[in-house]
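Trainee: Before we use any labels on this structure, I would like to know what stands behind them.

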Amino acid sequence: TNKVSVALGLRLMPKGKVPFGSTVMTFVDYDKSSQESEEGLAEFFNNTRVGGMAITPEFRYYFKSAGKGLYIAPYLRFGRYGITSSYHYVDQSKGHDITIDFKGKYTNFGGGLLLGSQFNLGERITLDWWILGPFIGKMNFGLNASGYTLSQDEYNAIKDEFNSFNVDFAGYKLEKNLTLNSAALSISGLSFGLRSFGLNLGFKF
């Protein structure tokens, strides 16, 4: 209409390393007096790969006229990402060397409000500027592993490292479960994000 339009965004993320992995590590609580614990956590993050997609529908209200000038845009976002990682345990004194392969997913659903502005660069070309768009949602993260068998000594050693890891951010609670032939990690809670400083070139048909 004269002042209203709608938009639908699709984001594709090829599988790769965790974005801002070193920052994510700062939210994980572990035994900082143990070099093995720190190295194990760093290796776990280094081995982690994530990739997936997100869909973002939005409703735009332009203060001047549709497709031109400043606008506000309430939006929703649903993201689903596949995750793989591995945990490598070595005990040289006892000759233990085992790798546990994890697979899981991360989902995120929520909404936000975007402030932006759109400019016409001639008759056909437009420039869309995302100025600022805070986001709040609900996230679920889970990793599972199976298909291996631990000895009791291996289980006891790995269990100690599992127990030393926790998540210390926004009230999240890390659920952990380890058996002789399976392992599971899960986190759920609120998620926060920000759409900002995005520049999009458009073509009018």
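Mentor: The turns below set labels against their criteria, for a model that is predicted.

Trainee: Why is Ile125 called partly exposed?

Mentor: Partly exposed covers the range between under 20% and over 50% relative accessible area. Ile125 has 33% relative accessibility, so it counts as partly exposed. The residue lies in strand 6.

Trainee: What makes the nonpolar surface patch, and which residue of strand 6 is in it?

Mentor: The patch of about 1,100 Å² is made by Phe119, Leu121, Ile125, Trp129, Phe197, Leu199, Leu201, Phe203 and Phe205. Ile125 is a residue of strand 6. Membership requires over 30% relative accessible area, and Ile125 is at 33%.

Trainee: Which strands supply at least two residues of the patch?

Mentor: Strand 5 (96-121), strand 6 (125-146) and strand 9 (182-203) each do. Strand 9 gives the largest share, four residues.

Trainee: How do you know that strand 8 and strand 9 pair?

Mentor: Pairing needs at least two bridges. Strand 8 (residues 175-178) and strand 9 have four, in the antiparallel sense, and therefore meet the criterion. Lys176 stands opposite Leu185 in strand 9, and a hairpin of three residues joins the two strands.

Trainee: What is the reach of helix 3, and what is expected?

Mentor: Helix 3 (residues 152-164) has 13 residues and reaches 19 Å from first to last C-alpha, close to the expected 18 Å.

Trainee: Which residues of helix 3 are buried, and how do they lie around the axis?

Mentor: Glu154, Tyr155, Ile158, Glu161 and Phe162 are buried. Seen down the axis, they fall within an arc of 130°, so they line one face of helix 3.

Notes: Residues are numbered from 1 along each chain as its sequence is written. This is a predicted model: local features need pLDDT of at least 70, side-chain atom pairs count only at pLDDT 80 or more; totals for chains, interfaces and linings use all residues. Side-chain values use heavy atoms; hydrogens and water are left out. The expected span of a helix is 1.5 Å times one less than its number of residues. Buried means under 20% relative accessible area, exposed over 50%, partly exposed in between (1.4 Å probe, protein chains only). The arc is that of the directions from the helix axis to the C-beta atoms. Patches are made of residues with over 30% relative accessible area and no salt bridge: like charges are joined within 9 Å, nonpolar side chains (Val, Leu, Ile, Met, Phe, Trp, Tyr) within 5 Å. Accessible areas come from the Shrake-Rupley method with a 1.4 Å probe; for residues, only the protein chains shown count as cover. A salt bridge is a side-chain nitrogen of Lys or Arg within 4 Å of a carboxyl oxygen of Asp or Glu.
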